[in-house]
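Q: I've got a model open and I'd like to learn how to read it feature by feature. Can we start with how strands pair up?

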Amino acid sequence: DVPKVPDSRGDSDGPRRGSLCDRHCAAINNVQGDLGDLGCHLHRPRVPPATSTPSCCQQHSEEVCESCVVKTTLTAENAVEANKLSNNYKFGFKKWKSHVTARPWEDRSEIVKELYSDLNVIRGSGGSTLTCGNVLYLLLFGWWLSLLYVLVAAVMFVTVIGAPYGQLCWDLAGYFLWPFGKVIQKVEVPKSHQVCEAGVGESSALLGGPTPLRWRPRCWVGTGYWHHASTAVWLCLGYPVLALAHGLVCVTAWLLIVLIPVAKLSARATSRVLLLPPERVLIRRLRTTEVPLEGEVILCCYRAANPYYYKYAVDGINVFAVNLLPLVLVTLVLGYVDSPNHLTGSAVKFTLALLSIMPLSYYIGMAIASISAQSNFAVGAVVNATFGSITELTFYITALIKGSREGNRCYAEVVKSALTGTLVGCVLFVPGLCMVIGGIRHQEQRFNSRSAGVSSALLFLSVGGELGTAVSPGLGVPPGWVAAPCPVPAGVFAPTLFSKVYGKLVCGECHNVTQNPLGHYLCHNCHFDLMDNNGTLYYSHVQPLVYTVSILLPAAYLVGLFFTLKTHTHIYDIHISDCHMPGHHHSAVVHWSRWRALVILLLSTLCMSACADLATEHISPILTNSTISQYFIGVTVLAMVPELPEIVNGIQFALQNNLSLSIEIGNCIAVQVCMLQIPILVLFTIFYPTNFTLVFSDLHVYASMFSVVLMNYIFMDGKCDYFQGTVLVMVYFILLAVYFFAPSPSGC
């Protein structure tokens with residue numbers, strides 16, 4: 001939604017500049033921001049070429065503009081929006097695509113302006129009205145809505161006193177059968193024509209021709225009795241039925257999103273047309289040769305469907321998030337009122353609770369972005385650090401509490417699977433999908449490899465390692481075994497490797513294959529026991545290591561914040577340009593004030609906790625009765641559904657050729673999983689003992705390490721295309737297939 005700028009090359013009168021500055025700007029400006037172009041893209045006012053004002057580079061000297069070569073220039077409408085754009089490039093801050101302030105109307109594109117129109121504008125040439133969307137309206141709503149108007153018209157005629165409204169319903173039946181290319185006007189009835197005799201036709205030069213005949217019985221002039229009685233009959237018998245029908249059409253069309261014009265049509269008909277006196281409603285068909293109509297136009301619709309309504313927002317909230325908000329209320333009411341599962345089963349409630357997390361994640365993200373954009377750096381950093389991972393942590397903690405109360409280790413394994421799934425998905429799937437979708441529009445995309453290297457280094461510190469030799473001095477290693485080179489993770493998987501080196505291998509269900517006591521045995525359900533000798537190994541060695549790692553990882557995260565936000569801020573090269581886009585000299589009109597955003601943030605967090613509690617409450621039957629591996633449920637549904645708003649943001653950035661932010665979205669979430677979420681869960685287990693231990697299965701370890709190594713290899717040169725994105729996505733689906741066919745973890 002960027003204002004279209006005329007091409008300056010067609011300006012024969014204005015200066016044509018081919019300076020080194022413009023060539024540098026064109027060379028580095030392949031990353032487009034969400035309000036315009038990032039880099040040194042220069043905007044010209046939308047004025048005729050003869051009066052075009054000089055561009056940014058023409059207004060400044062060559063030396064000043066050459067500084068654009070080493071900086072990323074952001075162009076924003078106001079200071080609040082500029083602060084939000086700057087926060088997007090800061091390490092540890094939530095990346096947000098949508099605006100937090102209202103955009104000036106004159107800077108909107110014609111497509112977006114049409115989305116917010118009130119269906120009362122007559123266009124000179126609307127084109128053919130026979131479109132797929134209009135035919136869909138006829139099949140879904142038009143035929144039965146028209147039939148309902150015919151029935152109401154018959155009822156009004158039967159009452160005799162409501163005959164004027166019966167004639168109105170008869171005319172509206174034809175209109176709502178196919179309303180496209182027709183107009184409904186509110187007309188003023190001249191005093192000389194306010195006659196209450198039957199069969200009187202009216203002609204008005206103001207309306208450009210004869211008006212439709214209105215059959216009206218003789219009334220009692222001067223007392224208004226006939227008019228009031230007719231209106232009372234209409235409001236009792238006709239209007240409620242039609243208002244209910246239009247309400248159903250309005251809700252259905254709004255939920256379908258692309259049919260929002262139909263929702264506007266029904267809402268306007270209910271609130272305006274049906275409440276007017278019949279003699280003041282004029283319905284006529286537009287003709288291309290007809291002069292513009294005089295008088296107030298109430299309804300004029302040309303298209304029933306518009307595919308661009310996915311951009312529609314209500315008070316800054318995307319229409320998808322608006323439509324999913326009632327789902328949260330339904331989930332909470334159904335979950336806590338119908339606790340015995342009389343109305344629905346556990347599977348339905350679990351699905352509703354999981355879907356409700358998506359809009360709540362959106363509201364939390366927008367609230368964080370709004371508060372950060374309107375506050376100083378310290379407040380923004382605190383809000384992002386406090387609520388940045390609240391969605392995932394809420395679900396994990398409620399699941400661990402339920403598992404601890406029931407004594408079921410399966411919940412802890414599901415949490416580990418969800419942590420690993422979030423890590424792998426944000427490292428492989430999110431950037432890979434953004435590369436593929438962005439690569440369809442752009443042949444090659446570049447990104448800031450230095451800023452991406454910070455996140456990659458922290459991820460490698462968290463889960464990666466180097467080949468080393470794990471030598472056991474006799475603690476738990478059978479005699480004769482040879483210590484072999486193995487990967488030594490340096491972060492969250494260090495306790496896992498430690499337990500495998502020093503733990504005691506315990507197997508169950510062993511069968512002798514050769515029927516020889518000294519022969520080979522086939523064993524199942526093997527695991528490393530850490531509680532041998534009254535738990536000496538775990539409490540004396542593994543648990544201190546877990547606490548040490550949980551302290552060092554957040555410390556490394558803080559070092560990364562200090563590095564990127566204080567000492568080495570130049571690696572982002574963010575600069576707010578003084579060259580404003582045309583029409584952007586406006587004061588900031590924020591969608592959500594700081595207090596409103598704070599209230600929404602707290603309420604969304606509270607609802608998130610309730611939905612997470614319902615999800616964990618009703619996941620037990622799914623884990624018990626499902627034939628799918630619990631590993632697969634954790635790494636897919638529980639891991640990626642809460643991240644859908646972030647994935648959508650990444651795709652939007654990639655479509656605007658801003659792959660740096662798309663990559664940073666995935667990397668930021670993955671870093672927070674390893675360096676914040678896991679240590680917080682470990683800290684939580686200190687105060688509330690659960691079955692969660694920082695010991696992962698081999699599948700989680702190898703999947704995470706391989707994903708991080710592959711990501712570092714792909715991001716090495718700072719450029720990518722759709723082929724590299726396809727590789728990342730394919731590797732992710734291969735890992736999902738491995739989890740799908742893997743046996744369920746022990747304890748489930």
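A: Sure, and keep in mind that this is a predicted model. To read pairing, pick a residue and look for its bridge partner: V183 is matched with R284 in strand 5. Zoom out, and strand 2 and strand 5 (residues 281-285) turn out to run antiparallel, with five bridges between them.

Q: Which residue of strand 6 is the bridge partner of I184?

A: That's L299. Strand 2 also pairs with strand 6 (residues 296-301), antiparallel again and through five bridges.

Q: Is strand 2 largely enclosed or open?

A: Count its buried residues. In strand 2 (residues 182-186), four of the five are buried, so the rest of the structure largely encloses the strand.

Q: How do I read a single buried residue, say N134?

A: Check accessibility, then the surroundings. N134 sits in helix 6 (residues 132-158), and its relative accessible area is 0%, so it is buried. Its side chain comes to 3.4 Å from the backbone oxygen of Y302. Leaving aside residues up to four places away in sequence, the contacts of N134 include W178, F180 and R303.

Q: And salt bridges? How many does a search of the whole structure find?

A: Ten. For each one, look at the distance, then at where the partners sit. K113 and E110 have their closest N and O atoms 3.9 Å apart. They are three residues apart in helix 5 (residues 110-115), which means about one helical turn separates them. E110 is exposed, at 60% relative accessibility.

Q: What does a bridge between distant parts of the chain look like?

A: Try R272 and E296, whose side chains meet at 2.7 Å, N to O. This pair spans 24 residues, from the loop between helix 9 (260-271) and strand 5, where R272 lies, to E296 in strand 6. R272 is partly exposed at 25%, and E296 is partly exposed too, at 34%.

Q: Which parts of the structure does the pair E617 and K402 tie together?

A: The side chains form a salt bridge at 3.5 Å, N to O. E617 is in helix 18 (residues 594-617) and K402 in helix 13 (residues 390-406), so the bridge joins parts 215 residues apart in sequence. Now compare the two ends: E617 is partly exposed at 42%, while K402 is buried at 12%. E406 joins them in a salt-bridge network.

Q: Last one: which residues form the nonpolar patch on the surface?

A: I111, Y308, Y310 and F320, with about 370 Å² of accessible area together. Y308 is in the loop between strand 6 and strand 7 (313-314), and is partly exposed at 35%.

How values were computed. Residues numbered from 1 in each chain as written. Predicted model: local features only at pLDDT ≥ 70, side-chain atom pairs only at ≥ 80, totals over all residues. Heavy atoms only, no water. Helix = DSSP H or I, 4+ residues; strand = E, 2+ residues; numbered from the N terminus. Buried < 20%, exposed > 50% of the residue type's maximum accessible area, 1.4 Å probe, protein only. Polar contact = N/O pair within 3.5 Å; in protein donor to acceptor, adjacent residues only side chain to side chain. Contact = heavy atoms within 4.5 Å. Pairing = 2+ DSSP bridges. Patch = residues over 30% accessible without salt bridge, like charges linked within 9 Å, V, L, I, M, F, W, Y side chains within 5 Å. Areas by Shrake-Rupley, 256 points an atom, 1.4 Å probe, with all protein chains shown as cover. Salt bridge = Lys/Arg side-chain N within 4 Å of Asp/Glu carboxyl O.
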